[in-house]
Amino acid sequence: MLLTISTTHRPATDLGYLLHKHPDRVQEFEQSFGTATVLYPEAGEERCTAALMLEVDPVRLARRVGRNAPDFSLAQYVNDRSYAASSLLGVALADVFGTARSGICKARPELAGRAIPLELSIPVLPCRGGAEIARRLFEPLGWQVDAEPIPLDEGFPEWGDSRYLRLTLTGEVRLADALGQLHVLLPVLDESKHYWQGLDEVDKLLRSGGEWLATHPDRTLITRRYLGRRGGLTRIALARLAELDGAAEEGSDPEAAEEEARQPEERRVPLNRQRHDAVLRAIADLGARSVIDLGCGPGQLLDRLLRTPGIERVAGCDVSARSLQYAARRLRVDRMTERQAGRLELFQGALTYEDPRFAGYDVAVLMEVVEHVDPPRLAALERVVFGAARPGAVVVTTPNREYNVLYEGLDGLRHPDHRFEWDRAEFAAWCERIAAAYGYAVERHGVGEVDQTYGAPTQLAIFTREERADD
Ligand code: SAH
C-alpha cells in the first residue's frame, strides 16, 4: 500500500520540515494492524517525494477485533487489505503525519500556512463508484484528478475493469489540507470502514473536514459514507456541518435525495439558510446601507449581502486567515470589477482587540460567533463591539442549548470549537446586561422550527443604539 507526496516548491526538500520527517532517514511506525514506513525516493532542490508505505499484517489485523481495530469485519486472512490503499492507509496517515495534518510547523510556519504545488499519487486505490466519484470528490477541492481504472486482468481486457484506480492528484493546496482531505476521503472511497463508530467519529470528521467539507458540494455523500451509513450519526454530522455552511444544495446528489426521502425532517430548509434569511431580514428592517460581518467565516452571508440592493458597503472580518481565503474564493474577489471591489472589505482581525476598522457601519453582525469565544474573553469582545465600534445596530445569533436534546445522539455542544452554548434564559440575561451597559435597546427572536418545550434551535437578538445627548 503506497502513497507518495511530491512537491516542486523550492527548495523542495522543505517538504521534510512540513511532514516532520527527515528526507535522509527511513522511519518505521508500528500500527495495530501492520507497519508504516516513511522514506524519500527523491529529495532534491527542485522536486522532493515522500512515500508512505503501509505493510498490513493480515494476522494482526484479524486478531485486533474490537474497538481499536480499524477493520474488524475483515477478520479473514485473505483480502485486499495488504495491497490496496484503504481506510487503513487513512488511519496510518493520521498517525504518522499527525503534526503535519494540524498545520503546525515551527521550522517553516509560513510555508505550512499556504498552498504549495503538490502531487499525490496512489497506485492502487479501491474506489466504489469508479473514476467519476474520485473526480467528484477531489475536483471541488482544487485538485486536477487523473484517475485511471485498473483492468481486472491485463491479459483479458474483456473482463473489464477492477474496482481499483491509479489516482494522481495535482494542485496547489496547503499540505495540511491535502492530508486532512485524504484522511477523510480514503475511507469514503473505500467504504470499508466498518469498525465501531461513536459520537467522537463525528468530532473527528468535523475536525479533519473543517471548512472544506462544510462547503463541499458532495458533503452529504462524504459524511454518510465516512460514518458508515449510520443514519443517526450522519444526521448529527450534517446538522453540525450546516452550522458551518448550510447553503450548499443537497438536491444534486441522487443518493442524498434517496436518504432524504426516508427522513422527512432533512427536507426542511437548512437551519443555516433560515438563519441567514432572518439576519438579512433584520438588516433590511433596520434600513442598513453598510454592514460589517464580524467573524464572517467562509463568507456565505457576505455573498448574500453583496447581492442585496441598497447595501452600499460590506465588510467581513475573521481571525482565521483560512476562512478569509475561502471567503475570497467564494466571492470571486479576484474577478471583481473595481466598482464591485470598492464595495467590499475583507480583513483579518480579532474581535477581542479594539480595531478602528470595525467602526463606521450601520449594522454589525455577530452570527454564530460569541459561542466561539472563551468566556473570560467575552467581556473584551463586548467592549470592542458595543463600546468602541458602536454601530447603529448589532445582530447576534447563537445556538439555543435547550434544543440540543432534539438532535438525536448529540450529548455535548453542537460543534467542537464551541466554548459554551446558552439556554434561552442565559442569552436573555446577557442581552439585557449588554443593552443596559452600552445604551442599546434589544429584542429577541427564535430562528428555525420552534419546539413547544425547548424553543427554536437558534437564538437571535437585535440591538439598536439608543440616541444619547452626546451621540
Ligand atoms: N459567521 C459565520 C461563521 C461562524 S463560525 C457563519 O455564521 O457562518 C465562527 C467564526 O468566528 C469562525 O470563522 C471563527 O474564526 C471566528 N472567530 C472566533 N473567534 C473570533 C475572534 N476572537 N475574532 C474574530 N473572529 C473570531
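This report walks through the sheets, cores and aromatic pairs of a predicted model.

## The antiparallel sheet

Let's start with the sheet built from strands 1 to 7. Its seven strands form an open sheet in the order 2-3-4-1-5-7-6, and the pairing is antiparallel. Strand 2 (27-31) and strand 6 (144-151) sit at the edges with a single partner strand each, so one side of each has no neighbour in the sheet. On average, neighbouring strands here are turned by 15° against each other, ignoring direction.

Strand 1 (residues 2-7) is a good place to look more closely. On one hand, four bridges join strand 1 to strand 5 (residues 115-126), and the two run antiparallel. In that pairing, Thr-7 stands opposite Leu-118 of strand 5. Helix 7 packs on this sheet, touching strand 1, strand 5 and strand 7 (161-174), and its direction makes about 20° with that of strand 5. On the other hand, strand 1 is joined to strand 4 (residues 48-56) by six bridges, again antiparallel. There, Leu-2 has Met-53 of strand 4 as its bridge partner. Five of the six residues of strand 1 are buried, so the strand is largely enclosed by the rest of the structure.

## Two nonpolar cores

As background, nonpolar side chains in soluble globular proteins tend to be buried together. In this model, the largest nonpolar core has 74 residues, and Ile-5, Leu-19, Phe-97 and Trp-143 are the ones with the most contacts inside it. Helix 7 (residues 175-190) is the top contributor to this core, giving nine residues. Both domain 1 (2-196) and domain 2 (269-465) supply residues to this core, so it lies between them.

Trp-143 is worth a click in the viewer. Leaving aside residues up to four places away in sequence, Trp-143 touches Leu-118, Leu-120, Phe-138, Leu-169, Thr-170, Gly-171, Val-173, Ala-178 and Gln-181. Then there is a second, separate core of 32 residues, which includes Val-385, Ala-389, Cys-431 and Ala-435.

## The mixed sheet

The other sheet to look at also has seven strands and is open, but its order is 10-9-8-11-12-14-13 and its pairing is mixed. Strand 10 and strand 13 (440-447) take the edge positions, each with a single partner strand, so one side of each is left without a neighbour in the sheet. Neighbouring strands of this sheet are turned by 15° against each other on average, direction ignored.

At the strand 10 edge, five bridges join strand 9 (residues 313-318) to strand 10, and these two run parallel. Gly-316 has Leu-346 of strand 10 as its bridge partner. Helix 14 (residues 321-330) packs on the sheet here, touching strand 9 and strand 10, with its direction at about 160° to that of strand 10. Helix 12 (residues 271-285) lies across strand 8 (290-294), strand 11, strand 12 (393-399), strand 13 and strand 14 (458-465), running at about 165° to strand 11.

## Aromatic pairs

How many aromatic pairs does the structure hold? There are eleven aromatic pairs. Take Phe-347 and Phe-358: their ring centres are 6.1 Å apart and their planes lie at 25°, so this pair is stacked. Phe-347 belongs to strand 10 (residues 344-348), while Phe-358 is in the loop between strand 10 and strand 11 (363-367), so the pair ties together parts eleven residues apart in sequence. Phe-347 is buried, with a relative accessible area of 7%, and Phe-358 is buried too, at 3%.

Now compare Phe-386 and Trp-430, whose ring centres are 6.4 Å apart with planes at 80°, so that pair is edge-to-face. This pair links distant parts of the chain, with Phe-386 in helix 16 (residues 375-389) and Trp-430 in helix 17 (residues 424-438), 44 residues apart. Both Phe-386 and Trp-430 are buried. They also belong to a cluster that ring pairs build from Phe-386, Phe-420, Trp-422, Phe-427, Trp-430, Tyr-438, Tyr-440 and Phe-463.

Key:
Residues numbered from 1 in each chain as written. Predicted model: local features only at pLDDT ≥ 70, side-chain atom pairs only at ≥ 80, totals over all residues. Heavy atoms only, no water. Core = buried A, V, L, I, M, F, W, Y, C linked by side-chain atoms within 4.5 Å. Buried < 20%, exposed > 50% of the residue type's maximum accessible area, 1.4 Å probe, protein only. Domains from an automatic or database assignment. Contact = heavy atoms within 4.5 Å. Pairing = 2+ DSSP bridges. Axes fitted to C-alpha atoms, helices over the stretch in contact; angles between N-to-C directions. Phe/Tyr/Trp six-rings, centres within 6.5 Å; stacked < 30°, edge-to-face > 60°.
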